[in-house]
Amino acid sequence: MTYLLSQTWFIGLMGIILIGAVLSAVHHAEVIAHKTGEPYGTLVLSISVTIIEVSLIIAMMLSGHEGAEFIARDAVFATVMIVVNGVIGLCIFMGGFKHHEMSFRNEGTNSTLSVLTALATFILVMPMVTVSAPGPDFTKSQLAFAGIASFALYGAFIFFQTVSHRDYYLPKADGKKTDGDIHADKPSNLKTTVSAFLLLFSLAIVVGLAKALSPAIEVGVKSAGAPKTIVGIAIAMLVLMPEAYAAVRAARANRLQSSLNLALGSALASIGLTIPTVAAIAIFFNLPLSLGISSLNMTLMYLSFFIGALTLAIGRTTLLQGVVHLIIFFEYLFLSLVP
C-alpha cells in the first residue's frame, strides 16, 4: 500500500513538472517565432520536438525490447491521427466557439496536406502492398528508398514553405490588423538566443518525462488488457503536448493560420525526419523494422485525409468542422482500444 501511494505521488509530481515544461516550451517557442516571423517560427517548435522524438524512438529500438520493431510505426501513425484530427479539430472547435468563423490561406494548407498524404502512403501503406517482403515489412532496398524519398519530399516542402511560396503560410492581412503580436517590439538577439536554449531544455524534459512515465503507462495498459498500441498513442500525446497547446492558444487568439502551420508541420516533420533516420539506423544495425498499418488504420487515416481536404478547401472554418474532426479522433481512440 505504501509503495503504491509513493508511486502515485511520484507520477503526480512528474505530471506537474511535465505541465510546467510544456508551458515553458510554448513560451520560448513563441519568443523565437516572434523574432523570426511566420512561417519560420512555427517550424522551430515542430522540428525541435521531432528531433527529440526521433532520439526517443531510436533509444527504444536499440534497447531490443519485445515489440521494438513497431515503435516507429505506432509513433508516426499516432502522430498523424492526433494532429489531423485531435489537434486541428480542437483548434477549429475552440476558435469557432469563440470567434464563430475563422479564415486562413488554403493555398498553403492544401499543399501541406497533399505532402502529408503522400508521405503517409509511402511509409505506412506501401509495406502492406509490396510483394518482395512478407507482411508489413520493406526489404532493405525498399526501406532505403522510402527513407530517401521521404527526406527529399520533406526538404522540397520546407523550400516551398520558407522560400518560394512563403506568402502562402502568412496570415491574411485582415488577421494581421487585429493581432497585437504582429505590432509588438521584437525580442533582442540575446533574449532570442536564451529562449532557444531554454526551448531545447524544456523539450528535453518533456520527452524525458514521457519516457519516464511510459513504464507506468505500460503497466496500466497491461492491467486493463488493452492493446500495446495504446502505449504508443499515450507517449505521442505526451510528446505533442507543447505543439498542441501552442496551436490551441493561437486558434483562440484568432490566428488559425499559425495553428495549422504548427499542427500540419509537426506531422510532416514526424515522417520526413523520423523515418529517414530510423531507416538508416535499422539498416546500419540490422534491426527489424515494421512500418505497415492494418486495413482498419488505413481506413481511418484516409477518412481523416478526405475530411481534412474538405475542411481546408475554402479557407474558412466553423465549429461544426471541428466537431467532425474530434469525433473521428475519438473513433480512432475507441477502435485502438477495441479493434
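The questions and answers below concern helix packing and nonpolar cores in a predicted model.

Me: Are helices α3 and α13 roughly parallel or roughly antiparallel to each other?
Reply: Helix α3, residues 71-99, packs with helix α13, residues 319-337, their axes being 7 Å apart and the angle between them about 150 degrees. Angles over 145 degrees count as roughly antiparallel. The two helices, α3 and α13, are therefore roughly antiparallel.

Me: How many charged residues does the contact of α3 with α13 have?
Reply: Where α3 passes α13, the crossing is left-handed. Sorted by class, this contact of α3 with α13 has 15 nonpolar and seven polar residues, while the number of charged residues is none.

Me: Is I88 buried or exposed?
Reply: I88 lies in helix α3, and, leaving out residues up to four places away in sequence, I88 touches V83, L260, A263 and L264. Buried means a relative accessible area under 20%. Because the relative accessibility of I88 is 5%, this residue counts as buried.

Me: Which helix gives the most to the largest nonpolar core?
Reply: The largest nonpolar core has 73 residues, and those with the most contacts inside it are L116, I271 and M301. The helix that gives the most to this core, with 15 residues, is α3.

Me: Which residues is L116 in contact with, leaving aside its neighbours within four places in sequence?
Reply: L116 is among the residues with the most contacts inside the largest nonpolar core. With those sequence neighbours set aside, the contacts of L116 are V80, V84, L264, A267, L268, I271 and F305.

Definitions and conventions:
Residues numbered from 1 in each chain as written. Predicted model: local features only at pLDDT ≥ 70, side-chain atom pairs only at ≥ 80, totals over all residues. Heavy atoms only, no water. Axes fitted to C-alpha atoms, helices over the stretch in contact; angles between N-to-C directions. Helix = DSSP H or I, 4+ residues; strand = E, 2+ residues; numbered from the N terminus. Parallel < 35°, antiparallel > 145°, perpendicular 65-115°, else oblique. Left-handed = near helix turned anticlockwise from the far one by under 90°. Nonpolar A, V, L, I, M, F, W, Y, C, P; charged D, E, K, R; others polar. Buried < 20%, exposed > 50% of the residue type's maximum accessible area, 1.4 Å probe, protein only. Contact = heavy atoms within 4.5 Å. Core = buried A, V, L, I, M, F, W, Y, C linked by side-chain atoms within 4.5 Å.
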